[in-house]
Amino acid sequence: MTEMTKEKEKILVYEPVAEASGANAALSARPESLNGKSVGLINNTKDFTDEILGVMGVELQKQFPGVRVVRYRKESVSGASQVLMEQVERECDAVVCALGD
């Protein structure tokens with residue numbers, strides 16, 4: 001009679017949880033109102049982001065008289081260029097970046 005042994009297989013599992021850096025970021029100053037302000041809406045290029053931002057733009061215009069809604073689109077989902085970020089900073093008093101899907 002032959003004795004058979006079964007080797008154990010090892011499975012490596014990664015847990016996608018990052019350690020907290022311990023650094024606290026301060027919130028940016030908020031305008032008292034968006035009336036008469038420019039609000040940038042940044043599309044991150046994911047599916048349905050245009051729809052989300054479209055609804056948000058309409059609601060902003062309903063709720064804040066004179067608000068100017070400015071639409072931007074990132075080149076890719078992975079990040080915005082320095083040029084785009086500088087343009088947004090120059091042109092807007094507040095910014096919303098939406099994620100789609």
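This section describes the fold, selected residues and largest pocket of a predicted protein model.

The secondary structure of the protein chain consists of two helices and three strands. Read from the N terminus, these elements follow the order β-α-β-α-β. Of the 101 residues in the chain, 21% are buried. The surface exposed by the chain amounts to about 8,600 Å², and 53% of this area is supplied by carbon and sulfur atoms. When contacts between residues at least 6 apart in sequence are considered, 69% are found to join residues at least 24 apart.

Strand S1 spans residues 38–43, and two of its residues, Ser 38 and Asn 43, were examined individually. Ser 38 has a relative accessible area of 11% and is therefore classed as buried, the cut-off for this class being under 20%. The side chain of Ser 38 forms a polar contact of 3.0 Å with the side chain of Arg 68. Arg 68 also appears among the residues in contact with Ser 38 once neighbours within four places in sequence are set aside; the others are Glu 91, Cys 92, Asp 93 and Ala 94. Within this set, Arg 68 belongs to strand S2 (68–73) and Glu 91 to helix H2 (82–91).

Asn 43 likewise lies in strand S1. Its relative accessibility is 3%, so Asn 43 counts as buried. A polar contact of 2.6 Å links the side chain of Asn 43 to that of Asp 50. Beyond its neighbours within four places in sequence, Asn 43 is in contact with Thr 49, Asp 50, Leu 53, Tyr 72, Arg 73 and Lys 74. Of these partners, Thr 49, Asp 50 and Leu 53 fall within helix H1 (49–63), whereas Tyr 72 and Arg 73 fall within strand S2 (68–73).

The loop between S1 and helix H1 contains Thr 45 and Phe 48. Most residues other than glycine have a negative phi. In Thr 45, by contrast, phi is positive, near 80°. Phe 48, which is not a glycine either, has a positive phi of about 70°. The accessibility of these two loop residues was also assigned: Thr 45 is partly exposed at 22%, and Phe 48 is exposed, with a relative accessible area of 52%. The class of Phe 48 follows because exposed residues are those over 50%.

A further loop residue, Ser 78, is located between strand S2 and helix H2. Ser 78 is exposed, its relative accessible area being 69%. The side chain of Ser 78 makes a polar contact with the side chain of Ser 76 at 2.9 Å. Ser 78 and Thr 45 are 33 residues apart along the chain, and their C-alpha atoms are separated by 9.3 Å. This pair relates the loop between S2 and H2 to the loop between S1 and H1.

Empty space in the model was also examined. The largest pocket holds about 160 Å³ of space. Its lining is formed by Ser 28, Ala 29, Arg 30, Pro 31, Leu 34, Asp 93, Ala 94 and Val 95. By class, five of the lining residues are nonpolar, one is polar and two are charged. Two members of this lining, Asp 93 and Ala 94, are also among the residues in contact with Ser 38.

How values were computed
Residues numbered from 1 in each chain as written. Heavy atoms only, no water. 1 Å grid on protein atoms, 1.4 Å probe; cavity = no way out; pocket = protein on both sides within 12 Å on 5 of 7 lines; lining within 4 Å. Points joined across faces, edges and corners; volume = space filled by probe spheres on them. Nonpolar A, V, L, I, M, F, W, Y, C, P; charged D, E, K, R; others polar. Helix = DSSP H or I, 4+ residues; strand = E, 2+ residues; numbered from the N terminus. Buried < 20%, exposed > 50% of the residue type's maximum accessible area, 1.4 Å probe, protein only. Polar contact = N/O pair within 3.5 Å; in protein donor to acceptor, adjacent residues only side chain to side chain. Contact = heavy atoms within 4.5 Å. Areas by Shrake-Rupley, 256 points an atom, 1.4 Å probe, with all protein chains shown as cover.
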